[in-house]
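Work through these exercises with the model open. Try each task before reading its solution.

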Amino acid sequence: MNWKNLSFGYQKTNYNVRAVYQDGQWQDPELTDSETITIHMAATSLHYGQEIFEGLKAFQGKDGRIRIFRWEENAGRFRHSARGLLMAEVPDELFREAVFSVIKANREFVPPYGSGASLYIRPLLIGTGPELGVKPSKEYLFVVFVSPVGPYFKEGFKPVNMMICREFDRAAPHGTGTFKAGGNYAAGLRAVEKAHEKGYSNVIFLDAKEKKYIDECGPANFFGIKENTYITPESPSILDSITNKSLMQLAADVGMKTERRKVPVEELGEFEEAGACGTAAVISPIHKVYDPLEDKTYVIGHGTPGPVSRKLYEHLTAIQLGDEPDPHGWVTIVD
Ligand SMILES: Cc1ncc(COP(=O)(O)O)c(C=O)c1O
């Protein structure tokens, strides 16, 4: 495998793992080499969007051991999403067993230390039972597959430009925004396409009610840095990012103040640094933000990653790889 040329895309691996929920209980997970699933055409996932997923990564350290980052947080968020869409919750122990066994079964696909690449793990839960009326399925399929993915920044850790979306909303307050449900991503596709068409790397969604506050950045949370403070939006319509939580903790560990609160759009003019954060890239520093409302562009920093973002990025990735101590117990050795 040419680890250097990997992008963020699907690559076939040897195995995936599946478990079925039927008659009110989970059956034992099984490994398979099949890449396809056969489901009933009236399955609730196909018609009524009973579909949720997760995303986490495994890394190979200098010592050759495989580590995953905060899997318990992903398991907890998966249960939160399942509750939100009235789906059968996957118990943490089943989540752990499935994730660990699929990583071990695909050990040869875990990119080596130093490649910048990692093994992306995608847990998926779908309603499989046939229903015609709008109601939750009685049957579910839990699948976990993996794919080796390249470093997010091919040309290194570099700032990106984003566009505020005022035309489309991703999720309503108290809707499904806090769940990692496929429907939220479908709802955001038009906004992302528009941003790409205009040459921006991604979109910043605003709160859908007032269009005054920053919600999140495509598939990542937003943070801003000013006056030694890490500031991130509080909103009832965003995904609770595990990366964001971790960066906030690391910021607090080095004596920075942290705030989770509403972030008005105009505050973009005050930040010394800003970034989008998530599993895929850890941090994408943000340089320019275009707001179509007044045809205005906010410029943050000087086009290179700011010192706080760089430190947080380096610290978090070093913990994930096992290069630095893990004081919060975030990393689990898989193999
Ligand atoms: C909508 C959205 N927000 C934020 C994130 C970042 O979350 P995490 O740091 O847990 O990957 C993701 C990606 O998982 C996402 O899809």
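**Exercise 1. Place Thr-229**

Task: Find which backbone oxygen lies 3.0 Å from a polar atom of the side chain of Thr-229. Then decide whether Thr-229 is buried or exposed.

Solution:
- Step 1. Start at the side chain of Thr-229 in this predicted model. The oxygen belongs to the backbone of Glu-227 and lies 3.0 Å from a polar side-chain atom of Thr-229.
- Step 2. Locate the residue in the fold. Thr-229 is in strand β13, which covers residues 229–233.
- Step 3. List the contacts, leaving out residues up to four places away in sequence. Thr-229 touches Gly-224, Met-256, Lys-257, Thr-258 and Glu-259.
- Step 4. Check the accessibility. The relative accessible area of Thr-229 is 5%. Buried means under 20%, so Thr-229 is buried.
- Step 5. Take one long distance. Pro-112 is 117 residues from Thr-229 along the chain, and their C-alpha atoms are separated by 35 Å.

**Exercise 2. Map the partners of β7**

Task: Work out which strands pair with β7, and over how many bridges. Then say how many residues of β7 are buried.

Solution:
- Step 1. Begin with β4, residues 51–53. β4 runs antiparallel to β7, and three bridges join them. For Ile-52, the bridge partner in β7 is Leu-125.
- Step 2. Go on to β5, residues 56–60. β5 pairs with β7 over three bridges, again in the antiparallel sense. Here Lys-57 stands opposite Tyr-120 in β7.
- Step 3. Add β8, residues 140–149. β8 and β7 pair in the antiparallel sense over 10 bridges. Tyr-120 has Ser-147 as its bridge partner in β8.
- Step 4. Put the Tyr-120 entries together. Tyr-120 faces Lys-57 and is bridged to Ser-147 in β8.
- Step 5. Count burial. β7 spans residues 118–127, and nine of its 10 residues are buried, so the strand is largely enclosed by the rest of the structure.

**Exercise 3. Classify an aromatic pair**

Task: Find how the rings of Phe-157 and Tyr-313 are arranged: stacked, edge-to-face or tilted.

Solution:
- Step 1. Get the total. The whole structure holds 16 aromatic pairs.
- Step 2. Read the geometry of one of them. The centres of the Phe-157 and Tyr-313 rings are 4.1 Å apart, with 15 degrees between the planes.
- Step 3. Apply the cut-off. Planes under 30 degrees apart count as stacked, so this pair is stacked.
- Step 4. Place both rings. Phe-157 is in the loop between β8 and β9, and Tyr-313 is in helix α6 (residues 307–321). The two are 156 residues apart, so the pair links distant parts of the chain.
- Step 5. Check Phe-157. Its relative accessible area is 12%, so Phe-157 is buried.
- Step 6. Look at the aromatic cluster. Tyr-21, Trp-26, Trp-71, Phe-78, Phe-95, Phe-100, Tyr-140 and Phe-142 form one.

**Exercise 4. Follow Arg-96**

Task: Find which ring the charged end of Arg-96 sits over, and which residue meets Arg-96 in a salt bridge.

Solution:
- Step 1. Take the ring. The charged end of Arg-96 sits over Phe-100, 4.7 Å from the ring centre. Phe-100 is one of the residues in the aromatic cluster.
- Step 2. Take the acid. Glu-93 and Arg-96 meet in a salt bridge, at 3.6 Å from N to O.
- Step 3. Check the spacing. Both residues lie in helix α3 (residues 92–105), three residues apart, about one turn of the helix.
- Step 4. Check accessibility. Arg-96 is partly exposed, at 28%.

**Exercise 5. Contrast two salt bridges**

Task: For Arg-166 with Asp-291 and Glu-314 with Arg-310, find where the partners lie.

Solution:
- Step 1. Start with the total. The structure has 21 salt bridges.
- Step 2. Take Arg-166 and Asp-291. Their closest N and O atoms are 2.7 Å apart. The pair links distant parts of the chain, 125 residues apart: Arg-166 is in the loop between β9 and α4, Asp-291 in strand β16.
- Step 3. Compare burial. Arg-166 is partly exposed at 23%, whereas Asp-291 is buried at 5%.
- Step 4. Take Glu-314 and Arg-310. Their side chains meet at 3.6 Å, N to O. Both lie in helix α6, four residues apart.
- Step 5. Check accessibility again. Glu-314 is partly exposed at 42%, and Arg-310 is partly exposed at 35%.

Note on methods
Residues are numbered from 1 along each chain as its sequence is written. This is a predicted model: local features need pLDDT of at least 70, side-chain atom pairs count only at pLDDT 80 or more; totals for chains, interfaces and linings use all residues. Side-chain values use heavy atoms; hydrogens and water are left out. Buried means under 20% relative accessible area, exposed over 50%, partly exposed in between (1.4 Å probe, protein chains only). Contact means heavy atoms within 4.5 Å. A polar contact is a pair of N or O atoms within 3.5 Å; within protein, one must be able to donate a hydrogen and the other to accept it, and residues adjacent in sequence count only if both atoms are side-chain atoms. Two strands pair if DSSP finds at least two bridges between them. Rings of Phe, Tyr and Trp (its six-membered ring) pair if their centres lie within 6.5 Å; planes under 30 degrees apart count as stacked, over 60 as edge-to-face and the rest as tilted. A charge sits over a ring if NZ of Lys or CZ of Arg is within 6 Å of the ring centre and within 35 degrees of the ring normal. A salt bridge is a side-chain nitrogen of Lys or Arg within 4 Å of a carboxyl oxygen of Asp or Glu.
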